[in-house]
Amino acid sequence: MGKFNKSGGREMPELNTSSLPDLVFAFLFFIMMVTTIREVTPKVSYNNLPKATELTKLEEKSLVTFVYIGKPNEAYQAMYGTKPCIQLNDQITQDPGAVYTYVKQEESKIKDDRKKLMTVSIKGDRDTKMHIFEQVKYELRRADVLNLNYSARKDVK
């Protein structure tokens, strides 16, 4: 039988860190690609969203324009009160007519061939009165952004 020697005279080899900068750069690049930066900070609260009944896939997410409807956050209640407001980019208004101007400005930034892909997303609180949503939808129809098809149903007796 052989003897095992526990002399402990061996040293631990140094860790090779020559590829570490490449790994850090690759990780940083990955984080930059998957992170999105919020362009607009919501100034109105829309926490209580209604349940969705349909799902539509967006062709281009960069062509989505957001309209927020709800009560102003606590920081802005002194300025705008507690009535529901409409937020367009960083501007808060209680006039639904401003939606028309806002949508037309956003539409003018888009090239002609991509204008038909523009989508307006309304994010509103469930507790907001439907009258405000109807006024916003009217302004969107007036701006030729929202195409609605109404169909009448006859009840069969």
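## The overall fold

Helices (H or I, at least four residues) and strands (E, at least two) are DSSP runs, numbered from the N terminus. Following the chain along its sequence, you meet them in the pattern α-β-β-α-β-β-α-β-α. That comes to four helices and five strands.

Before going further, some ground rules: this is a predicted model, where local features need pLDDT of at least 70, side-chain atom pairs count only at pLDDT 80 or more, and totals for chains, interfaces and linings use all residues. Residues are numbered from 1 along each chain as its sequence is written, and side-chain values use heavy atoms, with hydrogens and water left out.

## Inside or outside?

How much of the chain is buried? Buried residues make up 24% of the 157 residues. Here, buried means under 20% relative accessible area, exposed means over 50%, and partly exposed is in between (1.4 Å probe, protein chains only).

Take proline 84, found in the loop between α2 (77-80) and β3 (85-88). Proline 84 has 25% relative accessibility, so it counts as partly exposed. Now look for aspartate 125: it is 41 residues from proline 84 in sequence, and their C-alpha atoms are 9.1 Å apart in space.

## A nonpolar patch

On the surface, Phe25, Phe27, Phe29, Phe30, Ile31, Met33 and Val34 make a nonpolar patch of about 780 Å². Patches are made of residues with over 30% relative accessible area and no salt bridge; like charges are joined within 9 Å, and nonpolar side chains (Val, Leu, Ile, Met, Phe, Trp, Tyr) within 5 Å. The areas come from the Shrake-Rupley method with a 1.4 Å probe, and for residues only the protein chains shown count as cover.

One member to pick out is phenylalanine 25, which is found in helix α1 (residues 20-34). With a relative accessible area of 58%, phenylalanine 25 is exposed.

## Two helices that pack

Two packed helices are described by the angle between their axes and the distance between the axes. Helix α3 (residues 98-108) packs against helix α4 (residues 130-142) at an angle of about 40°, and their axes are 8 Å apart. That makes α3 oblique to α4. Angles under 35 degrees count as roughly parallel, over 145 as roughly antiparallel, 65 to 115 as roughly perpendicular, and the rest as oblique. The axes themselves are lines fitted to C-alpha atoms, for helices over the stretch in contact, with angles running from 0 to 180 degrees between N-to-C directions.

The α3 and α4 crossing is right-handed (the near helix is turned clockwise from the far one by less than a right angle; anticlockwise would be left-handed).

## Charged pairs

Side chains of opposite charge can pair when their charged atoms come close. How many salt bridges does the structure hold? There are three, each with a side-chain nitrogen of Lys or Arg within 4 Å of a carboxyl oxygen of Asp or Glu.

In helix α3, glutamate 107 and lysine 104 lie three residues apart, about one turn of the helix. The closest N and O atoms of their salt bridge are 3.3 Å apart. Glutamate 107 is buried at 16%, while lysine 104 is partly exposed at 30%. Glutamate 106 pairs with lysine 109 (3.3 Å, N to O); here glutamate 106 is buried at 16% and lysine 109 is exposed at 62%. Over in helix α4, glutamate 139 and arginine 142 are three residues apart, so about one helical turn separates them. Their side chains meet in a salt bridge at 3.0 Å, N to O. Glutamate 139 is buried at 10%, and arginine 142 is partly exposed at 41%.
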